[in-house]
Amino acid sequence: LNGGDWYHALGTPKNGGTRLVCLSGHINNPGVYEVPLGFNLRRLIDEVGGGVWKGRKLKAVIPGGSSSPILTADEIDIPADYDSLAKAGSMLGSGATMVCDETTDMVKLLARVMKFYAHESCGWCIPCREGTTWLARILTRLDEGTGMTRDIDMVDQLATSMFGRTFCALGDAAAMPAMSIIRKFRHEFEAKIGS
């Protein structure tokens, strides 16, 4: 191929070339792999990553690092490129693809992610400083079984209120996983109420 044509021959027409993807979590072959943009996300997990470890079922995938909205196992038979993941309601982000098997506690996962973002907030803007702190507190309470039903809605409302209202992207990075995990796995949060 002439000049830079080789680059566009890999990947999809709008997302040419390759991408480094880090597979981690509950997967048989974790590591960093170079794949063409648009490589099927399910094939990436099953073929490149060797499938979900210990013969367990896939529950969810975080395709682009902890800030990207989560996808359920039923939503991952898609090309892993910028446009396709955006259409699916997530993003390719950093390429840090985290695999969650059927034993993953989504409440605990989100509480841990939110503690990270609360710690990382520089505190300059109120939506991020207060939002991540309160999200971490509420999610810890839910994880410990001392939360209330209204806490679940409060997490979604806080995250929605933070989204797009901070000086940097950290507020959005905290809000996106909170909104998606609460909406897709609400039953797990409800199950921990009063337990």
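Arg19, Val21, Val35, Pro36, Leu37, Ala80 and Leu92 line the largest cavity in this predicted model. That cavity has a volume of about 40 Å³, and the structure holds one cavity of 30 Å³ or more. Two strands stand out in its wall: S1 and S2 each supply at least two residues of the lining. It makes sense, then, to look at those strands next.

Strand S1 takes in residues 18-25, and it pairs with S2 in the antiparallel sense over six bridges. Getting from S1 to S2 takes a hairpin, with five residues making the link. At one spot along this pairing, Thr18 stands opposite Pro36 in S2. Pro36 also turns up among the residues that line the largest cavity.

Zooming out, S1 and S2 belong to an open sheet of five strands, laid out in the order S2-S1-S5-S3-S4 with mixed pairing. The edges of the sheet are taken by S2 (31-36) and S4 (71-72); each of them has a single partner strand, so one side of each is left without a neighbour in the sheet. As a general point, the strands of a sheet pair through backbone hydrogen bonds, either parallel or antiparallel.

What about strand S3, then? S3 covers residues 58-62 and pairs with S5, residues 96-101, in the antiparallel sense over four bridges. Two of the matched positions are easy to pick out in the model: Ala60 stands opposite Cys100 in S5, and the bridge partner of Val61 in S5 is Val99. S3 also runs antiparallel to S4, with two bridges joining the pair. Val61 takes part here too, and its bridge partner in S4 is Leu71. S3 is mostly covered, with five of its five residues buried.

S5 leads on to the largest pocket, which has a volume of about 310 Å³. Of the 15 residues that line this pocket, the closest to its centre are Thr104, Asp105, Lys108, Leu109 and Arg112. S5 and helix H4 (106-120) each supply at least two residues of the lining. The largest share, five residues, comes from H4.

On to the helices, starting with H6, which spans residues 149-162. At 1.5 Å a residue, its 14 residues should span 20 Å, and the end C-alpha atoms are 21 Å apart, which agrees. The buried residues of H6 are Asp151, Ile152, Val155, Asp156, Ala159 and Met162. These buried residues cover an arc of only 140° around the axis, which puts them on the same side of H6. The face turned away from that buried side carries the exposed residues Arg150 and Gln157. As for what sits against H6, its buried residues pack against helix H5 (126-143), helix H7 (170-184) and helix H8 (186-191). Just after H6 comes Gly164, which takes a positive phi of about 80°.

Helix H7 gets the same length check. Its 15 residues should span 21 Å at 1.5 Å a residue, and its end C-alpha atoms are 22 Å apart, which agrees. How many of the residues of H7 are buried? The count is 12 of its 15 residues, making H7 mostly covered. Among them are Leu170, Gly171, Met176, Pro177, Met179, Ile181 and Ile182. The buried residues of H7 pack against H4, H5, H6 and H8. H4 is also the helix that gives the largest share of the lining of the largest pocket.

One residue of H7 is worth a closer look: Ala173, which is found in this helix. Is Ala173 buried or exposed? At 12% relative accessibility, Ala173 counts as buried, given that the cut-off for buried is under 20%. Leaving aside its neighbours within four places in sequence, Ala173 is in contact with Ser66, Ser67 and Tyr117. Ala173 can also be set against Lys59: the two are 114 residues apart in sequence and 22 Å apart in space, C-alpha to C-alpha.

Notes
Residues are numbered from 1 along each chain as its sequence is written. This is a predicted model: local features need pLDDT of at least 70, side-chain atom pairs count only at pLDDT 80 or more; totals for chains, interfaces and linings use all residues. Side-chain values use heavy atoms; hydrogens and water are left out. Two strands pair if DSSP finds at least two bridges between them. The expected span of a helix is 1.5 Å times one less than its number of residues. Buried means under 20% relative accessible area, exposed over 50%, partly exposed in between (1.4 Å probe, protein chains only). The arc is that of the directions from the helix axis to the C-beta atoms. Contact means heavy atoms within 4.5 Å. On a 1 Å grid over the protein atoms alone, a cavity is a set of points where a 1.4 Å probe fits but cannot get out, and a pocket is an open set with protein on both sides within 12 Å along at least five of seven lines; lining residues have an atom within 4 Å of a point. Grid points are joined across faces, edges and corners, and a volume is the space filled by probe spheres set on the points.
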